[in-house]
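Here's a quick tour of a few backbone oddities, one well-packed serine and the confidence figures. Have a look at the structure first, then read on.

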Amino acid sequence: MGYDEKNEIPANENWIRIEDLKALQGSRILHPTRVERIINEFIQGGPERMQMVSDFDYTITKQRTDDGGKVLSSFGIFNACKSLPDTFKAETDKLYHIYRPIEIDPHMAKDDKVKYMIEWWTKSSEVTSGFPFDQTEIDDIASKFKHALRDRTHELFEDLQRMQIPLLVFSAGLGNSVVSVLKQADIMYPNVKVVSNFLQYRDGLLDGFQQPMIHTFNKNETVLDGHEYYDLVHSRDHIIVMGDSLGDADMASGVPSSSHILKIGFLFDHVEANMEKYMNTFDIVLVDDQTMDVPRALLELIEKQKLKLKNGGSPPAQLSSL
């Protein structure tokens with residue numbers, strides 16, 4: 001393949017340029033040439049080499065709703081259950097106010113935060129013990145938020161299922177809530193795997209969370225070594241990562257260094273204050289974008305290329321929805 005030295009891109013009429021992608025208009029991209037190369041690698045590699053890794057809270061769910069209503073996090077759904085003891089609610093609220101400021105402290109190094117996150121999750125597990133709890137309470141609350149998914153999330157999950165691309169939903173929240181929302185939205189397809197913190201029971205009473213502990217700063221594919229999902233995706237070296245917090249960008253850490261990873265960041269809070277950090281961390285930054293249009297556009301390009309090769313024809317002159 002030859003190269004256009006002036007533009008440093010392959011001299012190929014099938015090469016997709018960022019400016020051709022309508023879904024990326026308005027996005028913030030610090031290194032467009034690099035992003036363009038990764039997108040074209042994805043297209044040429046096909047769905048067989050793809051996997052997607054996504055956060056759940058405020059990534060699959062919206063950061064805001066059209067009517068201004070609050071979207072609960074996965075732990076928020078659990079904490080809203082009415083049968084939880086008052087002592088539990090008081091303790092978890094206390095822990096939140098101690099450790100949440102540490103988690104989001106812009107002046108503390110990530111390595112220094114880790115020990116505090118382990119403390120937070122360990123203490124949270126300890127207080128989530130010793131009382132009965134019915135999972136149907138989570139289902140009742142979660143049913144109110146199955147419509148709080150980003151616009152066209154259903155279509156994205158259908159695209160991934162049709163193209164047989166694995167989706168890892170990686171959450172440091174509560175997996176019981178995550179699975180409940182996805183099931184009630186009818187998008188818990190066979191290619192979807194949730195890795196998160198799940199409740200466990202002993203003698204009919206809650207007994208904290210199952211191991212391994214998933215917290216904000218160990219949420220990456222290194223914790224999947226030996227996990228059934230690792231065997232499914234370890235050979236898929238083209239990865240789309242999606243998240244709303246800076247730590248989410250590391251969710252694909254631990255994959256082979258030869259992998260092509262495209263990181264999409266959804267920025268909503270304190271846009272101007274956070275923009276530089278987000279642009280230095282994510283390949284594509286989407287500001288107050290409550291849709292799944294960008295990942296869907298990328299999947300459409302990949303699928304069209306596969307159909308083109310299958311049919312032995314030329315690519316369409318126009319990319320319909322991009």
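Tyr-58 sits in the loop that runs between strand S3 (50–54) and helix H2 (74–79). In this predicted model, the phi of Tyr-58 is near 65°, so we have a positive value in a residue other than glycine. Most residues other than glycine have a negative phi, and most peptide bonds are trans. Is Tyr-58 buried or exposed? Neither, as it happens: its relative accessibility is 25%, so Tyr-58 counts as partly exposed.

Asp-203 also has a positive phi, about 55°, although it is not a glycine. You'll find Asp-203 in the loop between strand S6 (199–202) and S7. Asp-203 counts as exposed because its relative accessibility is 76%, and the cut-off for exposed is over 50%.

Here are those two side by side:

| Residue | Phi | Relative accessibility |
|---|---|---|
| Tyr-58 | near 65° | 25%, partly exposed |
| Asp-203 | about 55° | 76%, exposed |

Next, a peptide bond to check. Going from Gln-211 to Pro-212, the bond is cis, with omega near 5°. Pro-212 belongs to the loop between strand S7 (205–209) and helix H8 (228–233).

Now for the serine. Ser-171 is part of strand S4 (residues 167–174). With a relative accessibility of 1%, Ser-171 counts as buried, because the cut-off for that is under 20%. Which residues does Ser-171 touch, leaving aside those up to four places away in sequence? They are Phe-56, Asp-57, Ser-74, Val-178, Val-195, Ser-196, Asn-197, Ile-214 and Lys-219. There's a polar contact too: the Ser-171 side chain reaches the backbone nitrogen of Gly-173 at 2.9 Å.

Finally, how far does the predictor trust itself? The chain has an average pLDDT of 88, and 89% of the residues score at least 70. Confidence is highest in helix H6 (residues 153–162), at a mean of 98, while strand S1 (residues 3–4) is where it is lowest, at 44. Residues 1–7 have a pLDDT below 50, and this stretch has 11 contacts in the model beyond near neighbours in sequence. Over residues 316–322 the pLDDT stays under 50 as well, and there the model has 15 contacts beyond four places in sequence.

Conventions:
Residues numbered from 1 in each chain as written. Predicted model: local features only at pLDDT ≥ 70, side-chain atom pairs only at ≥ 80, totals over all residues. Heavy atoms only, no water. Helix = DSSP H or I, 4+ residues; strand = E, 2+ residues; numbered from the N terminus. Buried < 20%, exposed > 50% of the residue type's maximum accessible area, 1.4 Å probe, protein only. pLDDT = per-residue confidence, 0-100. Contact = heavy atoms within 4.5 Å. Polar contact = N/O pair within 3.5 Å; in protein donor to acceptor, adjacent residues only side chain to side chain.
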